[in-house]
Amino acid sequence: MKIPKAWRLGIREMQIMPAPRQRPPSKRPLWIIVLVSMVCVSLIAAYVYPPRQYAACYLFASNVCGPFTQWLPPIPARVPSDDEVLSQVVIREILNAPSTQPKNPKIAFMFLTPGSLPFEKLWEKFFLGHEDRFSIYIHASREKPRHTSPLFVGREIHSEKVVWGTNSMVDAEKRLLASALQNADNQHFVLLSDSCIPLHNFDYVYNYLMDTNISFVDCFEDPGPHGTGRYIEHMLPEVEKKFFRKGAQWFSMTRRHAMVVLTDALYYTKFKLHCKPGMEGRNCYADEHYLPTLFHMIDPQGIANWSVTHVDWSEGKWHPKAYRAQDVTFELLNNITSIDMSVHVTSDEKKEVQLKPCLWNGVKRPCYLFARKFYPETLEPLLHHFSNYTSI
């Protein structure tokens, strides 16, 4: 049988047509499954084992976590350790104990110095005639001081080596407080350096400190690298980042606050172990952070948040402005004694200037009773101007 030509063409085309392709089975997106699984595991872990200071969904932004927190049960409050409870009880007892005023209350002037005090003659002029209202303590960390005033003879305490920027600075402060607290008449405790000078006469300083029940401990929040940027998580759980504060080392504090500093072991140990220069790539200085953070945590209303010792940081250097003999004029000293606003500048890019009035018992008053940093060569011009600028 002869096949028609048209059919033969159709058969040929059918033979060369490719066979129909079968689609391979679809592959499941395994990476999506893995990612979702990891997210679920993270959420469960965050809830079951939450960090001490964060909520369960700390891994995500708050706007993402919102829906989850609505159905998650509340996270129980952290249970304080035995050491924390003990410290809180002791501190509370000290702060709430009724104060007993001695018949002859004194101010303890505590000098933290490497050796001799170059301004003993100036301080002698400040102290003379008031011997029954002050005590002097000297912590000399390098050499035994040579005295030019009889008021300072025999005032040295047992001292140890002090290295700038280390916890030995705090140890020296505690050593001075321990010596001064042994005298029951001492009711206020002032920490001074060898470069400090008085800005007012003794009566003014005495009334300023003794007629108030607050401590003049410098304290402010600095969000920059030289503030909370120095915080180290090893201070947890007792010291949280939100409480971390900064302030000048030079303080003036009441007897009850001095007792707190001396009895504190818990928070002091945290700073001793975890606030050091070069620790985890950061420079944390205990003398700038321990006391401000401690009092911000335990008695924020009991401190003034500024120091009564003036220091000029306007030059923006690692060390404050130091005054030479030619700098010491009546105008300079008058300007410092007239300052009635405390100034703090943050160390972040904003360089935010924080200005607050110095309120003494609710009344705006001059902030500073003392000043530093003066070179020894300024002694003569300071003696010359003393009677004029301290009478203001």
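Two strands count as a pair if DSSP finds at least two bridges between them. I start my notebook with that rule, and I note that this model is predicted.

**Entry: a small set of strands**

I looked up the sheet that holds E4. Here 3 strands form an open sheet, in the order E4-E13-E8. The pairing is mixed. Which are the edge strands? They are E4 (197-198) and E8 (309-310), and each pairs on one side only.

Next I followed E4 to its partner. E4 and E13 (residues 370-371) pair in the antiparallel sense. I found 2 bridges between E4 and E13. One residue pair I wrote down is Ile-197 with its bridge partner in E13, Ala-371. As a reminder to myself, strands of a sheet pair through backbone hydrogen bonds, either parallel or antiparallel.

**Entry: strand E5**

I turned to E5 (residues 215-218). Are its faces covered or open? Both faces are covered. Ser-215 and Val-217 lie on one side, Phe-216 and Asp-218 on the other, and all are buried. I recalled that in a regular strand the side chains alternate between the two faces of the sheet.

E5 runs parallel to E7 (residues 303-305), and 2 bridges join them. Asp-218 has Asn-305 in E7 as its bridge partner. So I have Asp-218 down twice: as a buried residue and as a bridge partner of Asn-305.

**Entry: H6 against H8**

I looked up H6 (residues 168-181) and H8 (residues 255-263). Their axes come within 10 Å and cross at roughly 125 degrees. Why do I call them oblique? Angles of 65 to 115 degrees count as roughly perpendicular and those over 145 as roughly antiparallel, and H6 and H8 are therefore oblique to each other. H6 passes H8 in a left-handed crossing.

Which residues make the contact? From H6 I listed Lys-174, Leu-177, Ala-178 and Leu-181. From H8 I listed Arg-255, Ala-258, Met-259, Val-261 and Leu-262. By class, this contact of H6 with H8 has 7 nonpolar residues, 2 charged and no polar. A rule I kept beside the list: an α-helix has 3.6 residues a turn, so residues three or four places apart point the same way.

**Entry: H9 against H10**

The axes of H9 (residues 266-274) and H10 (residues 286-298) come within 10 Å and cross at roughly 145 degrees. This crossing is right-handed. Tyr-267, Tyr-268 and Phe-271 of H9 meet His-289, Tyr-290, Thr-293, Leu-294 and Met-297 of H10. I sorted the contact of H9 with H10 into 6 nonpolar residues, 2 polar and no charged.

Then I checked burial in H9. Its buried residues are Leu-266, Tyr-267, Tyr-268, Lys-270, Phe-271 and His-274. What covers them? The cover includes H4 (82-96), H6 and H10.

**Entry: Ser-391**

Ser-391 is found in the segment after H12 (379-389). Is Ser-391 buried or exposed? Exposed means over 50% relative accessible area. Ser-391 has 55%, so Ser-391 is exposed. I also checked its distance to Asn-201. The two residues are 190 apart along the chain, yet their C-alpha atoms are separated by 6.5 Å.

**Entry: the whole protein**

Last, I took some totals. I counted 12 helices and 13 strands in the protein. Of its 392 residues, 44% count as buried. Among contacts with a separation of 6 or more, residues 24 or more positions apart account for 79%.

Definitions and conventions: Residues numbered from 1 in each chain as written. Predicted model: local features only at pLDDT ≥ 70, side-chain atom pairs only at ≥ 80, totals over all residues. Heavy atoms only, no water. Axes fitted to C-alpha atoms, helices over the stretch in contact; angles between N-to-C directions. Helix = DSSP H or I, 4+ residues; strand = E, 2+ residues; numbered from the N terminus. Parallel < 35°, antiparallel > 145°, perpendicular 65-115°, else oblique. Left-handed = near helix turned anticlockwise from the far one by under 90°. Contact = heavy atoms within 4.5 Å. Nonpolar A, V, L, I, M, F, W, Y, C, P; charged D, E, K, R; others polar. Buried < 20%, exposed > 50% of the residue type's maximum accessible area, 1.4 Å probe, protein only.
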